[in-house]
Amino acid sequence: MARSTRKKPRGTYHHGDLERALVEAAARTIQADGVRGLTLRGVGAAVGVSRTALYRHFEDKSALLARVALEGFRRFHAALEEGIAKAGRSKGGKPHGDVIAEMGLAYVRFAAGNPSYYDVMFGECLDDWERYPDLQQEASATFTLLVETVASEQARGRFGPGNPVELAEIIWSISHGMVTLSAGKHLNQTDATVEDLIVMSSRMLSGAFKA
């Protein structure tokens, strides 16, 4: 017997599907109207679910924002891992790329491609991270990935001695600063793109910390 091709009625979701749909709707709302324009009622209406179904997943706006940030850090972590993998792909039997530069480029591209998630992850709309251990864990794991990469680069002789956590904080701050300045149209004094500047900063850091 042929399988039915009828679609589920609007507002009919499995548990995981509904949560994902609400997060995606929240991200779209933030992109269109900013964080201040986000409301639980509006997100529920956009997805077509009742307030009762909505509150089964998120008790308040902060809980929804935390879930948006969590999804953002998961995507961000995956983007950084891809940057590491890209730098490590063999060319002539040797890694062909600068891993710190590739992570920086991944940072810039993630911010450009996921502005709603990025704004929630690094904005000031969440001030009670202790409520969300999953979010804390994912954010910490993402930073740890950078710290471990820096330590690995030190072992290879690309960076001189130093606290890898401090070096990771410097690298992260430079990337974040460039993204912020670029978004505000403040990096327009030359023809260099923000990606060009990321690569240049990696080379400068490499030279500085080798000295």
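Helices are DSSP runs of at least four residues, numbered from the N terminus. In this predicted model, that numbering serves to locate both the internal cavities and the salt bridges.

The cavities come first. There are 2 cavities of 30 Å³ or more. The largest cavity holds about 90 Å³ of space. Helices H4, H5 (99-113) and H8 (164-183) each supply at least two residues of its lining, and H5 gives the most, with 4 residues. Among the residues lining the largest cavity are Phe76, Leu80, Met103, Tyr107, Leu146 and Trp172. In character, this lining divides into 8 nonpolar and 2 polar residues, with no charged ones.

The second largest cavity encloses about 60 Å³. Its lining includes Ile174, Ile198, Ser201, Ser202 and Leu205. The elements that give two or more residues to this lining are H5, H8 and helix H9 (194-210), and the largest share, 4 residues, comes from H9. Here the division is 5 nonpolar, 4 polar and no charged residues. Ile100, Gly104, Ile171 and Ser175 appear in the lining of the largest cavity and also in that of the second largest cavity.

The charged side chains enter the picture through salt bridges. Side chains of opposite charge can pair when their charged atoms come close. A search of the whole structure finds 8 such salt bridges.

One of them joins aspartate 17 to arginine 20, with the closest N and O atoms 2.6 Å apart. Because the two residues are 3 apart in helix H1 (residues 15-33), about one helical turn separates them. Aspartate 17 is partly exposed, at 28% relative accessible area, and arginine 20 is also partly exposed, at 44%.

Helix H4 provides another pair, in which the side chains of arginine 67 and glutamate 71 meet at 3.8 Å, N to O. These residues lie 4 apart in H4, so they too are separated by about one helical turn. Arginine 67 has a relative accessibility of 15% and therefore counts as buried, the cut-off being under 20%. The pair belongs to a network of salt bridges that links Glu19, Arg67, Glu71 and Arg75.

A further salt bridge connects glutamate 59 with arginine 131, the closest N and O atoms being 2.8 Å apart. Glutamate 59 lies in the loop between helix H3 (51-57) and helix H4 (61-88), and arginine 131 in the loop between helix H6 (115-122) and helix H7 (133-155), so this pair ties together parts that are 72 residues apart in sequence. Glutamate 59 is exposed, at 57% relative accessibility, whereas arginine 131 is partly exposed, at 33%.

Note on methods:
Residues are numbered from 1 along each chain as its sequence is written. This is a predicted model: local features need pLDDT of at least 70, side-chain atom pairs count only at pLDDT 80 or more; totals for chains, interfaces and linings use all residues. Side-chain values use heavy atoms; hydrogens and water are left out. A salt bridge is a side-chain nitrogen of Lys or Arg within 4 Å of a carboxyl oxygen of Asp or Glu. Buried means under 20% relative accessible area, exposed over 50%, partly exposed in between (1.4 Å probe, protein chains only). On a 1 Å grid over the protein atoms alone, a cavity is a set of points where a 1.4 Å probe fits but cannot get out, and a pocket is an open set with protein on both sides within 12 Å along at least five of seven lines; lining residues have an atom within 4 Å of a point. Grid points are joined across faces, edges and corners, and a volume is the space filled by probe spheres set on the points. Ala, Val, Leu, Ile, Met, Phe, Trp, Tyr, Cys and Pro count as nonpolar, Asp, Glu, Lys and Arg as charged, and the others, Gly among them, as polar.
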